[in-house]
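Please open the model in your viewer and keep the selection tool at hand. The tour below goes from one selection to the next.

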Amino acid sequence: MTFYTCLPLALRQAKLLATRSFSERLLHRNLSASQTLNDKHECQVLVVGGGAGGCALAAKLSSRLGRNKVIVVEPADKHYYQPMFTLIGGGMKRLEHSYKSMAEVLPKKAKWLQEAAVEFDPESNTVKTSGGNTIKYDMLLIATGLQLNYNKIPGLEEALAIPNGKVCSIYSPKYVDRVFDCLRNIQGGDAIFTYPSSPVKCPGAPQKIVYIAEHYFRKLGKRNDINIKYNTALPVLFGVKHYADALWPIVKKRNITVNTRRNLIEVKPGQDIAVFENLDNPSERFEEKYSMLHAVPPMSAPDALTRCKQLINEAGFVDVDQSTLQHKKYQNVFAIGDSSGSPNSKTAASAAAQSPVVFRNMIAALEGKPLKDIYDGYASCPLVTGYNSVILAEFDYSLTPLETFPVAQNKERYSMFIMKKDFMPLLYWKLMLTGHWNGPALMRNLLSVFKFGK
Ligand SMILES: Cc1cc2nc3c(=O)[nH]c(=O)nc-3n(C[C@H](O)[C@H](O)[C@H](O)COP(=O)(O)OP(=O)(O)OC[C@H]3O[C@@H](n4cnc5c(N)ncnc54)[C@H](O)[C@@H]3O)c2cc1C
C-alpha cells in the first residue's frame, strides 16, 4: 500500500516543522484559507467532510492517533442536524435549534481546514482544496454527503426564491423555513409533495412531511378543502415491506393520494404548475396545478467527488466494499455516510452504525492488519406520522427489520415520537459527533431478552 512507502510519520513531521516559518508554527487548529494559501499539508488521516459521519470519525480517529494527526477539510461554518428539518417544516422546532458552529463540533485534536476539496488524486494520495492547498495523506476518509441538485429541475429555484411563495422544501436550510409558512398559508386546492428519481438522504422524509401536513390541516379545520397528493418516483410507498404494509392503511385512512413512478421535471412558478413524467412511460407528462408544492430535489455525490472516476462506482458514489467500507481499489481510502456506494439507506443512523466499523478497519489498515469489522447495512428511519406519532423503521441490507426495542415498531407510537423529537438530537450532539455513539447494536442486544413473544 502507498502509505507504507511514505517516510515514517514522525520524521516527516519533524522535517516539516523545521522548515515552517514562525507564523506557521503558531498555526491553530482552524487553518484559515488566508493562512494556508497554496500551502502543502501532510497528515496521517484526511477526513473530507465534517458532517454527521466525518465529524464522528474525526473524533474517534483524532482521539486514538493524537493531536494534529487528522485534518478535516470542510467548507461550511455551520453543522446542521438535518433530521430536525422535518420537524421545522411542521413548526415543531425552529431552524436555530438545528445547528451549531462547525468550530464547536469538530474535535479539538484535529486540524480543520475550512475549504472544499476540489480534486481527489488517489494515485498520489493527495486532495486539492478550493484555497489552492494540496494535502497529502496516508489514509483518506470520504464523508462528503449528498449534493442537493435543485437546479436540475427547471423553474424550481425560481419558485423557491419567490417571497412568501407556494413552493418549499425541507431538504435545505435555505428553504426549510418556507415549509411551515406554506402549511399555514394554503387555504384550499391541491397540496402536492414529491420524491425524486435519484438516491435520497432519509428516504422516509419526503412522506413524513406529508403526514405532518395532513395532521396540521386537520388541526386547523381546513383539511376538507385541501387535496393531498404524494407523487413519488419510487414504485413503492416505502422500500421495506414490513413498514410499507403499516403505512398504506395510514394513507388510505387519511385520504392521501399516492401516485407512484411520478417524477417532478419542471415547475412553472408564474402559473403554479408542476410538471411530472411517468417513469414507466417517459413520453407521458402531466401538468398539475398546485396551491402548495413540497419539492424534494434530485441528489448526487458532490461534483468534486464524481469528477474523480477512479473513486466512484457507476451510480457516482465511493466504490467501497459494502462490508468493510474500504475502497475496492485504493486500500487507504474509506467512505462513511451518504457519499458511500454501499447499498444501505442513506441516514445519519447508518453513518452511526458504520462509524465503529470504519474506525476499526482504518486503524487495522494503518497498522497493516486484516480488516475484521463488518457493516450489516443497518439504517433507521423514524417515520413521523403527525404531531405525536412515529413508526420507527430499522432494517439492514436485506431490508429485513432489525429493531432495537421489544415492542411492535411498525405501529404508530408517542414514545418513539418523543425519542425522535427530544432524545435523538441530544444523542447526536453529545454522543455521535464526539465519537461515542456506535449505533444501537449494543442496546438491541441488551433489550433482546425482552423480545420473547414480540
Ligand atoms: C430533511 C431530512 C431529514 C432527515 N431525517 C433523518 C432521520 O430522521 N434520521 C436519520 O438518521 N437521518 C436523517 N437524515 C439524513 C442525515 O441527515 C444524513 O444521512 C446524514 O447527515 C449523512 O451524514 P454524512 O456525513 O454522510 O453527510 P452530511 O451530514 O450531509 O455532511 C456532509 C459534509 O460534507 C461537506 N462537504 C460537501 N462537499 C464537500 C467538499 N467538496 N469538500 C469538503 N467537504 C464537503 C458538507 O459541507 C457537509 O458538512 C435526514 C436528512 C434530511 C435532509
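How far apart are the end C-alpha atoms of helix 12, residues 348-366? Before selecting them, note that this is a predicted model, in which local features need pLDDT of at least 70 and side-chain atom pairs count only at pLDDT 80 or more, while totals for chains, interfaces and linings use all residues. Residues are numbered from 1 along each chain as its sequence is written, and side-chain values use heavy atoms, with hydrogens and water left out.

Now select helix 12 (helices are DSSP runs of H or I with at least four residues, numbered from the N terminus). Its end C-alpha atoms are 26 Å apart, which agrees with the 27 Å that its 19 residues should span at 1.5 Å a residue (the expected span is 1.5 Å times one less than the number of residues). Because 16 of these 19 residues are buried, helix 12 is largely enclosed by the rest of the structure (buried means under 20% relative accessible area, with a 1.4 Å probe and protein chains only). After the helix comes G368, whose phi is positive, near 70°.

Next, select the ligand and the 33 residues around it, among which G53, E74, A117, D338 and A349 come nearest (a residue counts if one of its heavy atoms lies within 4 Å). Zoom in on E74, where a side-chain N or O atom is 2.6 Å from an oxygen atom of the ligand. For D338, a backbone N or O atom lies 2.8 Å from a ligand oxygen atom, and for A348 a backbone N or O atom lies 2.9 Å from a ligand oxygen atom.

Finally, select helix 4 (52-65), which gives the most to the shell around the ligand, with three residues.

Conventions:
Helix = DSSP H or I, 4+ residues; strand = E, 2+ residues; numbered from the N terminus. Buried < 20%, exposed > 50% of the residue type's maximum accessible area, 1.4 Å probe, protein only. Polar contact = N/O pair within 3.5 Å; in protein donor to acceptor, adjacent residues only side chain to side chain.
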